[in-house]
Amino acid sequence: FKQKTAYEIYQCDWSSDVCSSDLILELIEAARPDLGLTSQFHDFVIPLDTVKVLAESHMLVDEKPRRSLRSEWDTRYTYLNFTQRSALKNIVQTTSFDNEFYKTLDKKEKAETLEASMSFLALQEYKEQKERKPERYKYAVARAQLGPVTEPLRFEQPKSPLFSGDSQAFYAFYGKEDQIDFYSLKYRRGFHDLLSDDSGLAPFSQLNFMSFEFRYKPTLQNLDLYEWKFLDILSTSSWTEYERPWTWKLQIGTSPKFSAYFNGGVGAGTDLPMAQATRWSFLALTENDHLTETANPHVGAETLFMNKWSGNFRSVIDGKYLYSTAEGRWFGEASLGVSYSIGKAELRAEAKVRDSKDQWMLGLMF
């Protein structure tokens, strides 16, 4: 049996949640039944977890991440100046180099602009599943005529997803809610939240499935189910001059105990030009709780400021302004969360104030 590299097994962009594992563990186990690769999975498994199992079984000899078309386009566009970006926009819209911005560029800047144009075209061909041979040929000829005037494209080496946290996780916290102490124990079946290490996953995203949180309050000597999340999704994307993807969220669960809620929102986001990876998102929001009793709907807006700082440090600032249709009044919510990775575990601190009711927690995810 031939050993494979991590890339050969996990053939997809590191930033994607969806890849083609195609029952890879069962196929390998057919050749090496002594490994027992599938024994720890009983219902479903995400592709990244299959790669981690292979790494733990010493079945991988190396990692060779390949940049996606999206990564190449984003990187090339980042290095362009304002004039180059204006020239690029005109080129991809008209397939012509006869514009005032392109004519003012020097030879090197023209080459960088054309390389970005070809990268954008390759991405569009993939998305549309349609070749654009005339445009590709025209860009390639124009670029070749400028000669070797550019340096190789510099990519930031991504952190290996093999060392990111597992899809299943436990959370243990100590905190206070309205000055009452509590201990929290939470189990998450999958997959990751905003404060988790997102190596190998879609950046600035959240996908929690089947999580249970229990809280014990010593002063009240009370242990209760605080929240059950059936599904908690947040998908954020960055707007550019060429694409306008939606940012959206969906939350279905119960809290407190078995009082059902359904929340949703839609909006937009953008990546900010800062030293660290930063994304700002804004959503129109609806929150609906106590659905099994008297519904309490809210409408309003939410803004998220998400950072991935140097090293293993991440932070999320979340602000909401909501109108209660049942009570006929506006109120706000503000929260802050920070996490620091130590191996596959994470130290966390979270604080929230909602309608003058405060809560904070310190703990560990493992």
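**Exercise 1. At what angle do α5 and α7 pack, and how many Å apart are their axes?**

Work with the predicted model, and state how the two helices are oriented, how they cross and which residues make the contact.

*Solution.* Two packed helices are described by the angle between their axes and by the distance between those axes. For α5 and α7 the angle is about 45 degrees, and the axes lie 10 Å apart. Angles under 35 degrees count as roughly parallel and those from 65 to 115 as roughly perpendicular, and α5 and α7 are therefore oblique to each other. The crossing of this pair is right-handed. On the side of α5 the contact is made by Gln84, Ala87, Leu88, Ile91 and Val92, while α7 contributes Glu109, Glu112, Thr113, Leu114, Ala116, Ser117 and Phe120. Sorted by class, the residues of this contact are seven nonpolar, three polar and two charged.

**Exercise 2. Describe how α4 packs against α7, and name the buried residues of α4.**

*Solution.* Begin with the geometry: α4 and α7 pack at an angle of about 150 degrees, and their axes are 9 Å apart. Because angles over 145 degrees count as roughly antiparallel, α4 and α7 are roughly antiparallel to each other. In passing α7, α4 makes a left-handed crossing. Next, look at the residues that meet: from α4 these are Leu69, Arg70, Glu72, Trp73 and Arg76, and from α7 they are Glu115, Ala116, Ser119, Phe120, Ala122, Leu123, Tyr126 and Lys127. The classes in this contact are seven nonpolar residues, one polar residue and five charged residues. Finally, turn to burial: in α4, which covers residues 69-78, the buried residues are Ser71, Trp73, Thr75, Arg76 and Tyr77. Among the elements that cover them are α5 and α7.

**Exercise 3. Carry out the analysis of orientation, crossing and contact for α7 and α8.**

*Solution.* Helix α7 spans residues 107-128 and helix α8 spans residues 133-146, and the two pack at an angle of about 160 degrees with their axes 9 Å apart. Since this angle is over 145 degrees, α7 and α8 are roughly antiparallel to each other. The crossing in which α7 passes α8 is left-handed. The residues of α7 that take part are Lys107, Lys110, Ala111, Leu114, Glu115, Ser117, Met118, Leu121 and Glu125, and those of α8 are Lys133, Glu135, Arg136, Tyr139, Ala140, Ala142, Arg143 and Leu146. By class, this contact holds eight nonpolar residues, one polar residue and eight charged residues.

**Exercise 4. Is Ser86 buried or exposed, and how far is Ser86 from Ser167 in sequence and in space?**

*Solution.* First locate the residue: Ser86 belongs to helix α5, which runs over residues 82-94. The relative accessibility of Ser86 is 16%, and because buried means under 20%, Ser86 counts as buried. For the second part, Ser86 and Ser167 are separated by 81 residues in sequence and, from C-alpha to C-alpha, by 42 Å in space.

**Exercise 5. Summarise the whole chain, and say where the prediction has low confidence scores.**

*Solution.* The chain contains eight helices and 12 strands, and its C-alpha trace spans about 80 × 60 × 35 Å along the principal axes. Of its 366 residues, 42% are buried. Among the contacts with a separation of 6 or more, 53% are between residues 24 or more positions apart. The average pLDDT of the chain is 85, and 91% of the residues score at least 70. Over residues 1-22, however, the pLDDT is below 50, although this stretch has 55 contacts in the model beyond near neighbours in sequence.

Conventions: Residues are numbered from 1 along each chain as its sequence is written. This is a predicted model: local features need pLDDT of at least 70, side-chain atom pairs count only at pLDDT 80 or more; totals for chains, interfaces and linings use all residues. Side-chain values use heavy atoms; hydrogens and water are left out. Axes are lines fitted to C-alpha atoms, for helices over the stretch in contact, and angles run from 0 to 180 degrees between N-to-C directions. Helices (H or I, at least four residues) and strands (E, at least two) are DSSP runs, numbered from the N terminus. A crossing is left-handed if the near helix is turned anticlockwise from the far one by less than a right angle, and right-handed if clockwise. Contact means heavy atoms within 4.5 Å. Ala, Val, Leu, Ile, Met, Phe, Trp, Tyr, Cys and Pro count as nonpolar, Asp, Glu, Lys and Arg as charged, and the others, Gly among them, as polar. Buried means under 20% relative accessible area, exposed over 50%, partly exposed in between (1.4 Å probe, protein chains only). pLDDT is the predictor's confidence in each residue, from 0 to 100.
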